[in-house]
Structure formats: structure tokens, C-alpha cells
Amino acid sequence: MATESYEADQNTTRTEAAGELQRLLGGILRRLDGPTAERLLLAVRAELDARDARAYASGWQDAMEAAAGGERAV
């Protein structure tokens, strides 16, 4: 039960943070000209894609370590 409550709180916090980030980014983009706003969006997308790739790779590394019985996968 405590774990479910913690997870629900984490999901609420993530949702609130995502909404705040969206409002902040929207406010910034409204103040920039077209090409500058486009470059900013591309930079944000590139960072998010890089973070996703690192998380995905980390998950595979963890799985390989677990499959190897805790030995570090190379």
C-alpha cells in the first residue's frame, strides 16, 4: 500500500513538472522569432532523444549484468 501511494505521488509530481515545463517552454517560444524558436525546439528534441537513448542502453546493460549473474557486462 505504501508503495502504491509513493508511486501515485511520483506520477502526480511528474505530471505537474511536465505541465510546468510545457508552460515555460511555450512562454519562451512565444517571445522568440520563428527560426530561433525552431532551433530551440530542435535542441530540446535532441536532448530528449539522447536521454532516451542513454536510458534504453542502461536498461540493456542492467539486463545483461543480471543475466551474467551480477558480473559487469562489457
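**Surface and helical features of the predicted model**

The accessible surface of the protein chain comes to about 6400 Å², and 59% of this surface belongs to carbon and sulfur atoms. These values, like those that follow, were computed from a predicted model. Of the 74 residues in the protein chain, buried residues make up 7%. The secondary structure of the chain consists of two helices, with zero strands.

Helix 1 covers residues 2–31 and includes Leu21. At 54% relative accessibility, Leu21 counts as exposed, because exposure is assigned over 50%. Together with Leu24, Ile28 and Leu32, Leu21 makes a nonpolar surface patch of about 350 Å².

Helix 2, which runs through residues 34–67, has 34 residues, and the distance from its first C-alpha to its last reaches 49 Å, close to the 50 Å expected at 1.5 Å a residue. Helix 2 is followed by Gly69, for which phi is positive, near 75 degrees.

As to aromatic contacts, the count comes to one aromatic pair. The ring centres of Tyr56 and Trp60 are 6.2 Å apart and the ring planes stand at 75 degrees, so the pair is classed as edge-to-face, a class that requires planes over 60 degrees apart. Both Tyr56 and Trp60 lie in helix 2, where a separation of four residues places them about one turn of the helix apart. Tyr56, at 58% relative accessibility, counts as exposed because this value is over 50%.

Note on methods:
Residues numbered from 1 in each chain as written. Predicted model: local features only at pLDDT ≥ 70, side-chain atom pairs only at ≥ 80, totals over all residues. Heavy atoms only, no water. Patch = residues over 30% accessible without salt bridge, like charges linked within 9 Å, V, L, I, M, F, W, Y side chains within 5 Å. Areas by Shrake-Rupley, 256 points an atom, 1.4 Å probe, with all protein chains shown as cover. Salt bridge = Lys/Arg side-chain N within 4 Å of Asp/Glu carboxyl O. Buried < 20%, exposed > 50% of the residue type's maximum accessible area, 1.4 Å probe, protein only. Expected span 1.5 Å × (residues − 1). Phe/Tyr/Trp six-rings, centres within 6.5 Å; stacked < 30°, edge-to-face > 60°.
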